[in-house]
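Please look over the structure shown here, and then follow a short series of questions on why certain labels apply to it.

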Amino acid sequence: ALICVQCVHQMSWLPCQFIDESVFVNAENLPETKLIHREAMLQFGQKGDAPLNPRVITFLVTGSKLDLRRYVDGVDEGDLECEVRRYSTEGMHVRWPVQGAQEYNRWFTCTVKHSKGLFTATGFLRHPSDQPPPGQQDFRRWPAIQDGEILTTTVAMVIKTQSPSVTAGLSSQQKLHCQFALDHKGPNVTVEWHFQYRGERNKLFSHNSRSGQTQGSGVGMKSLAGGDASYILPFAKMSSEGMYICSVAVNPLEKFHFIFSLLSSETPRVSLNVGPTLALQEGGEQKVICEAENYYPLDVEIVWYEQDAAMSGQRVGAPLPRPLQNVLLSSHKHNSDKTYSVSAFFYLQARLRDSGRQFTCSVSHRSLRVPIKKSFILAVEEPGSWVFNLIVGIIVVTLLAFLYVMVNYLHSGGCGDPHANRLMKG
């Protein structure tokens with residue numbers, strides 16, 4: 001069970017960065033936006049509540065059918081990162097279809113991310129007003145917000161993903177999570193998925209709730225009716241790598257995007273050309289090869305290192321393994337399935353003092369949480385021991401052959417010889 005010191009559903013406030021904008025016309029007579037980072041606070045409560053910190057901008061989030069805290073629950077408050085930005089409807093003013101809503105609204109987005117990338121949730125904060133904003137293009141003339149100002153808001157829409165970045169193994173099925181919710185029933189929602197690679201964008205799926213029109217596939221319609229717009233990629237391949245964009249549009253909130261980076265990945269197969277023990281005569285030489293095969297993408301790191309085999313299992317006091325310096329790499333091999341293979345090899349000179357040393361090949365790759373390691377132990381024998389063993393072996397084989405002949409003689413020809421029988425009688 002997940003235990004947190006201050007769970008989010010109990011949270012009454014959250015420190016935030018308010019990324020304010022100042023729009024001006026540059027020397028080329030083009031609009032430019034300067035971002036201004038300001039201290040702010042997300043405070044959950046009721047209209048009229050006093051700010052917990054009067055010195056900063058307070059976004060007071062009052063009750064609606066949506067509670068933003070529910071979408072970021074189950075984690076420690078200290079793991080959350082909060083950012084508030086203005087949201088431009090580009091001069092479009094639509095009365096938000098909830099009871100008691102006023103004619104005009106100022107919009108903000110509040111994005112809460114998990115610091116370790118577990119999720120990203122964005123809530124649209126609606127700040128009602130009975131006065132139209134100045135000018136048609138409101139993003140060029142934002143109303144000023146002073147330090148210590150309180151903006152009373154409600155959450156109008158939430159969109160969330162649990163997979164901001166995805167690494168997909170080849171041939172695997174992947175789910176790109178995208179869910180949304182609104183504070184009123186029967187909205188006119190358009191959900192779209194696009195795939196973008198090297199600047200080219202293609203539509204994968206689209207659905208409009210009011211017209212019922214659907215194009216493409218990958219999103220379950222029953223799930224979509226409940227706010228789950230997740231896209232299923234049934235068979236990941238090399239061409240699946242790129243950007244996936246989940247868009248949710250509710251007038252006047254036009255096409256808010258979540259962008260997913262999907263990277264294809266295949267784990268390398270690692271092998272050595274020697275067994276767990278390599279026996280060599282002193283002075284002998286052996287080419288030792290560590291091969292990493294069928295991995296993707298290209299970046300892989302292979303390191304050979306050595307240490308005393310007796311020390312390899314010790315965690316305390318053992319000297320660190322020493323990387324080998326005489327290692328050579330082959331060129332990358334392009335396989336027919338678009339994966340890669342490469343080998344790292346060295347020439348091992350057998351010396352008596354190196355007998356008992358352990359040599360390890362360590363392969364690191366983006367698809368691996370920890371490196372793959374393959375090891376062998378070197379056994380070096382003196383040259384004389386080979387001659388002695390050979391002589392002993394020849395003597396043993398000769399004696400066994402002699403005994404075999406004598407046993408056959410006694411049990412066959414020897415007992416049937418008449419001269420031998422006369423001698424026994426005499």
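Q: How many of the residues in the protein are buried?
A: In this predicted model, buried residues make up 40% of the 426 residues.

Q: What makes the link between cysteine 16 and cysteine 82 a disulfide?
A: Their sulfur atoms are 1.7 Å apart, and because a pair of cysteine sulfur atoms within 2.5 Å counts as a disulfide, the label applies to cysteine 16 and cysteine 82. Cysteine 16 belongs to strand β1 (residues 13-25) and cysteine 82 to strand β4 (residues 80-87), so the bond ties together parts that are 66 residues apart in sequence.

Q: Why is the disulfide of cysteine 16 and cysteine 82 called right-handed or left-handed?
A: The torsion about its S-S bond is about 70 degrees, so this disulfide is right-handed. For cysteine 178 and cysteine 246 the torsion is about -70 degrees, and that disulfide is therefore left-handed.

Q: Why is cysteine 110 not bonded to cysteine 82?
A: The sulfur of cysteine 82 is the closest cysteine sulfur to that of cysteine 110, but it lies 3.8 Å away, which is too far for a bond, since the cut-off for a disulfide is 2.5 Å.

Q: How do you know whether cysteine 290 is buried or exposed?
A: Its relative accessible area is 0%, and because buried means under 20%, cysteine 290 counts as buried. Its disulfide partner, cysteine 361, is likewise buried at 0% relative accessibility.

How values were computed. Residues numbered from 1 in each chain as written. Predicted model: local features only at pLDDT ≥ 70, side-chain atom pairs only at ≥ 80, totals over all residues. Heavy atoms only, no water. Buried < 20%, exposed > 50% of the residue type's maximum accessible area, 1.4 Å probe, protein only. Helix = DSSP H or I, 4+ residues; strand = E, 2+ residues; numbered from the N terminus.
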